[in-house]
Amino acid sequence: MSPVRQITAIALLELRRYLAARRWIGVYLLAALPVLLLLLAAVRPGRSAPMERVYAGVFEVYTLRFAIFVSCGVVFSHLIRGEMMEKTLHFYLLTPVRREILMAGKYLAALAATAGLFGLSTIASYFALYFAPGPDPGLLIRYLGIVILACATYGAVFTLIGVVSRNAALPGLILLGWETFSSLLPGTLQQLSVTHYLQPLLPLPTERGPFAIVTDAPSPAWSIPGLLVFSLLVVAVAGWRIRRIEIRYGAD
Amino acid sequence: MTSPEQLIRFDEVSKFYGEALGVNRVTLALEPGITSLVGPNGAGKSTLMNLMTGLLAPTRGTIRVLGNLTTDLERLHEVVGYCPQFDAFPRGLTGLDLIASFLAVRGHSRRDARDIAWRAIEKTGMTEAARRRIGSYSKGMRQRIKLALAMAHSPRAIVLDEPLNGLDPMARAEAIALFQSFAEDGMHVIISSHIMHEVDLIADRIVMMSGGYVVADGGIQSVRGEMEQDHPIRILVRCDQPRIVAAAAFSDGGAIEVQIHADGQGLIAATRDVNRFYALLHRAVLDRGVVIETVAPADDNAHAVYQYLMGTNGGHQL
């Protein structure tokens, strides 16, 4: 049996379930909010900052550091743990599919869902720039690339958290704190945050504050493949971990 | 003799949930046909089923299903179908979508998956509801769609945890006929049920469990036969001269207890030597002209065996 075919079948089934589920309404709202904010900013009379700068601020501070992070936490940590809680994981575990392949299919579906949603949000909010003069279409491509990378990386981390932890909320909060305040840490520790690799990719990075410790930013040629390889490894570890999962719904 | 590739074998299998015992030192060799797991709640029936379908890993021992170790999950799930007790379903799917989607996960093309799914749905009588969302299904419909999912990929062994729960009498009869047709095709059908008279009707053999241990296994008659010393077999005889039969039963029929029916048209005799009692009945007919209407074992069934072994009917539906 072709693994690609199986991954595709799992991903299609998962995407169907995403569309049918109501629990993601909060994620939809998180994705919709920047569109509203930027439209309001664009039409507001007496705007002083250039629109690209407003967009860059909203994207980095809200979309990247908060909305995508939280949404990935909600969606990806649910991939295995959520199914255990809903008592539906056995449907997959009773099929002759390697559990690593199951993990890959579920991860790719979640990545398509979150990156698709925040990609749409990014595109829609970017149109707000057209209310202001001189938008650069090349910027949109960069922002979309960052959305995909952020969803892939945070998604991988939360996938693993959802496999090893019964409750993703506490590790998620710790991780949010780490990602938010890592710029205050020495350079070596900063390298252990995802933000450290994403921030230099931003077309117009925001100021990091007076207490930030400035370090050398990794080049895109290093950070982009680095983040992708890291994501792949983390998902592989999650896939390896679920080989040992047993169905004991009562215990979860 | 049945080859190992046709058996479901448990070798010294134990499963502990931390300190709690699931099943302990289970050794079994199940042949094709209908096997019924019987026992009170917490006896270990579902644990045994989850072990043989790979949803649980044994703490000790090994399990082979049709030659496949249950640790080899991909091979195992090619040959096994499981209809568990869990009553949750992925949200937003219709019955047809559910089965077709998981057949696609198994590697079938989209079109094949829908065709195969439809055939399974037809077999379980769910065609009318197949295109409705599962969320709107009754308990009986959910049971039937689970059954359809378990059998859709044509497994060689099908494991069914309380499959008759929630089914109306007609659907029960159809489900039982389906299980019997599986067994006639040489499949393993492993069923847990609380409904003892249905166990009697359908099971070729029983595995009786209590407190995580297998306390008896085999054909119902053979298990009952092994209990003859502690629990003499009770035989119902409907005849025109029960007093003559009763006297003979005590004198040379090996009976240790006889109760004559209130209507004077029959008796129940308890004996540890069934063959001797039947020989006596022959003589009563030939020598004394007794007209016998019915002879039947009164406690040669799963319910009686269960009661004798457990000392209770466990509150089961009988």
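**Sheet architecture of chain B and its contact with chain A**

In the predicted model, chain B contains an open sheet of six strands with mixed pairing, arranged in the order β6-β7-β8-β3-β9-β10. The edges are occupied by β6 (80-83) and β10 (213-218) of chain B; each has a single partner strand, so one side of each is left without a neighbour in the sheet. Averaged over the sheet and with direction ignored, neighbouring strands are turned by 15° against each other.

Within this sheet, strand β7 (residues 157-161) and strand β8 (residues 188-192) of chain B run parallel and are joined by five bridges. In this pair of strands, Asp161(B) lies opposite Ser192(B) of β8(B). Helix α5 (residues 139-151) of chain B packs on the sheet, where it touches β6 and β7 of chain B. The direction of this helix makes about 170° with that of β6(B). A further helix of chain B, α11 (residues 302-310), lies across β3 (33-38), β9 (205-210) and β10 of chain B. Relative to β9(B), helix α11(B) runs at about 25°.

Helix α1 of chain B, spanning residues 45-52, is mostly covered, with eight of its eight residues buried. Among these buried residues are Lys45(B), Ser46(B), Thr47(B) and Asn50(B), together with Leu48(B), Met49(B), Leu51(B) and Met52(B). Gly54(B), which follows α1(B), has a positive phi near 80°.

Chain A, by comparison, is described by eleven helices and zero strands. Its radius of gyration is 19 Å, close to the 18 Å given by the globule rule for 252 residues, so chain A is as compact as a globular protein of that length. Along the principal axes, the C-alpha atoms of chain A fill a box of roughly 60 × 40 × 35 Å. Of the 252 residues in this chain, 39% count as buried. Among the contacts in chain A with a separation of 6 or more, 82% are accounted for by residues 24 or more positions apart.

The two chains meet through 25 residues of chain A, which are in contact with 23 residues of chain B. On the side of chain A that touches chain B, the elements giving two or more residues are α1 (3-20) and α5 (89-93) of chain A. Helix α1(A) gives the most to this side, with eight residues. By residue class, the side of chain A that touches chain B divides into 13 nonpolar, four polar and eight charged residues.

Definitions and conventions
Residues numbered from 1 in each chain as written. Chains lettered and ligands numbered in written order. Predicted model: local features only at pLDDT ≥ 70, side-chain atom pairs only at ≥ 80, totals over all residues. Helix = DSSP H or I, 4+ residues; strand = E, 2+ residues; numbered from the N terminus. Rg over C-alpha atoms; globule rule 2.2 N^0.38 Å. Buried ≥ 20, exposed ≤ 12 C-beta atoms within 10 Å, placed from the backbone. Contact = placed C-beta atoms within 7 Å. Nonpolar A, V, L, I, M, F, W, Y, C, P; charged D, E, K, R; others polar. Pairing = 2+ DSSP bridges. Axes fitted to C-alpha atoms, helices over the stretch in contact; angles between N-to-C directions.
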